[in-house]
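Dear colleague,

I am passing on the structure below, together with some notes on what turned up in it. Please read them with the model open beside you.

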Amino acid sequence: MAVSRIDEAGLNVNQYGNRNLIINGAMQVSQRGTSEASVTSSQYADAPDRFKAEMSSAGTWTLSQSTTAPDGFSNSYKFDCTTADASLGAGDYLQLSHYIEGQNLQHLQKGSSSAKKLTLSFHVRSAKTGTYIVEFYDGDNSRSNSQSYTISAADTWEKKTITIDGDASGAFGNDNGASLGVFFYLAAGTNFTSGTLNTSWGSRTLANVAVGQVNLADSTSNNWYITGVQLEVGDTATDFEHRTFADELQRCQRYYVKFKATSNYSYYGSGVSDTATSARIFKSFPVEMNHVPVLEQSANNTWNIYPPVQAFSANATINNASVWGSAINCTVASGLQTGYCTHCTANNTTDAFFAFESEL
């Protein structure tokens, strides 16, 4: 017989699985890569999946999947300032964002008198102490709720908990769009800080979203780490919901999937030669993607088509993509046999990859 365990909040841990609305909150999955330097613009960087670094003229950063983590976790998302910006322009900002599909939020009953409270919890660490802001952004109705937290001790892991009321105005769309954004501000100019912090749900006024935020970009000594991010229904922060790596990876692959060579001649897929210089290679995705993806790839000469073995002479292009899979058009200089089965493998390198992106 299964043994029940009661957590510190008095809840039976066997009865509240799947409660975390955040994907990859423990920063385990990092498909793109584990570190990216010289970041100055908004992007999903070579750092943990599903978290987007968004910025405008707020220093230069190295973003990474760090192994610095609190007890019970193995990884965190790290911002490391490499070029400072001690005097932010009015429109400058820096934040780490996580977006959630509306169809995953219907149980919150937002837009009704029964709208549910939400509790956000996370572990954070920084060399810079002071006030930081988290904004909850309803992208369907342009509504917002911002809350502050304080990092009290430098270079020390601290757990933070934030609870917000339900919002009786503005329902989330029941679709695959980005209905809710959770924005962790790290720097913000006066366009975002000149008003009064909007600590209850209301129409979004930009000047009210990050009032009081410290400037993490003001010194190259500054860094910021986060992990254990959990967003759940109710006014209580329960124990972090640790999922298996395989489970978390599959959730991430709805938005980004990377097929990377693991040996010098790794097999990617098979297809057919259309002409002496072109072929189509077919690939199914491991899960249904959020929307029809776009293709990302390594340099064209990192891939082969055979028989006969020939390196790509140009980058591949996507062909007849769907949320379930895609064909790619591949070009070589000559030598393919029209109508014959053909295969795609890495060209004597482990740098070869194809990736398909359908982020919110």
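Strand 5 (residues 118-126) and strand 8 form an antiparallel pair with seven bridges between them, where strands are DSSP runs of E of at least two residues, numbered from the N terminus, and two strands pair if DSSP finds at least two bridges between them. Within this pair, Thr119 stands opposite Thr163 of strand 8.

Before going further, please note that this is a predicted model, in which local features need pLDDT of at least 70 and side-chain atom pairs count only at pLDDT 80 or more, while totals for chains, interfaces and linings use all residues. Residues are numbered from 1 along each chain as its sequence is written, and side-chain values use heavy atoms, with hydrogens and water left out.

In a regular strand the side chains alternate between the two faces of the sheet. Strand 8 (residues 158-164) follows this pattern, with Glu158, Lys160, Ile162 and Ile164 pointing to one face and buried, and Lys159, Thr161 and Thr163 pointing to the other and not buried; here buried means under 20% relative accessible area, exposed over 50%, and partly exposed in between, with a 1.4 Å probe and protein chains only.

The largest nonpolar core (buried Ala, Val, Leu, Ile, Met, Phe, Trp, Tyr and Cys residues joined through side-chain atoms within 4.5 Å) has 45 residues, and those with the most contacts inside it are Tyr77, Phe79, Phe122, Phe136, Phe184, Trp224 and Leu231. A second, separate core has 22 residues, among them Ala279, Leu295, Trp303 and Ala346. Returning to Phe136, and leaving aside neighbours within four places in sequence, its contacts (heavy atoms within 4.5 Å) include Ile162 and Ile164, as well as Leu120, Leu180, Trp201 and Leu231.

Ile164, Leu180 and Trp201 also appear in the lining of the largest cavity, together with Leu108, Lys110, Ala115, Lys116, Leu118, Asp165, Gly166, Asp167 and Phe172. A cavity is, on a 1 Å grid over the protein atoms alone, a set of points where a 1.4 Å probe fits but cannot get out, and lining residues have an atom within 4 Å of a point. The space in this largest cavity is about 70 Å³, the volume being that filled by probe spheres set on the points, which are joined across faces, edges and corners.

Two residues away from these sites may also interest you. Gln65, in strand 2 (residues 52-66), counts as buried because its relative accessibility is 17%, and a polar atom of its side chain lies 2.9 Å from the backbone oxygen of Gln28. Leu216, in the loop between strand 10 (202-203) and strand 11 (223-233), is buried, with a relative accessible area of 0%; Leu216 and Ala187 are 29 residues apart in sequence but 5.7 Å apart in space, C-alpha to C-alpha.

Finally, some backbone geometry deserves a look. Most residues other than glycine have a negative phi, and most peptide bonds are trans. Gln109, in the loop between strand 4 (93-101) and strand 5, has a positive phi of about 55°, and Asp155, in the loop between strand 7 (143-151) and strand 8, likewise has a positive phi of about 55°. Cis peptide bonds join Tyr306 to Pro307, with omega about -5°, and Pro307 to Pro308, with omega about -15°; Pro307 is found in the loop between strand 16 (303-306) and strand 17 (310-311).

With best wishes

Notes: Helices (H or I, at least four residues) and strands (E, at least two) are DSSP runs, numbered from the N terminus. A polar contact is a pair of N or O atoms within 3.5 Å; within protein, one must be able to donate a hydrogen and the other to accept it, and residues adjacent in sequence count only if both atoms are side-chain atoms. On a 1 Å grid over the protein atoms alone, a cavity is a set of points where a 1.4 Å probe fits but cannot get out, and a pocket is an open set with protein on both sides within 12 Å along at least five of seven lines; lining residues have an atom within 4 Å of a point.
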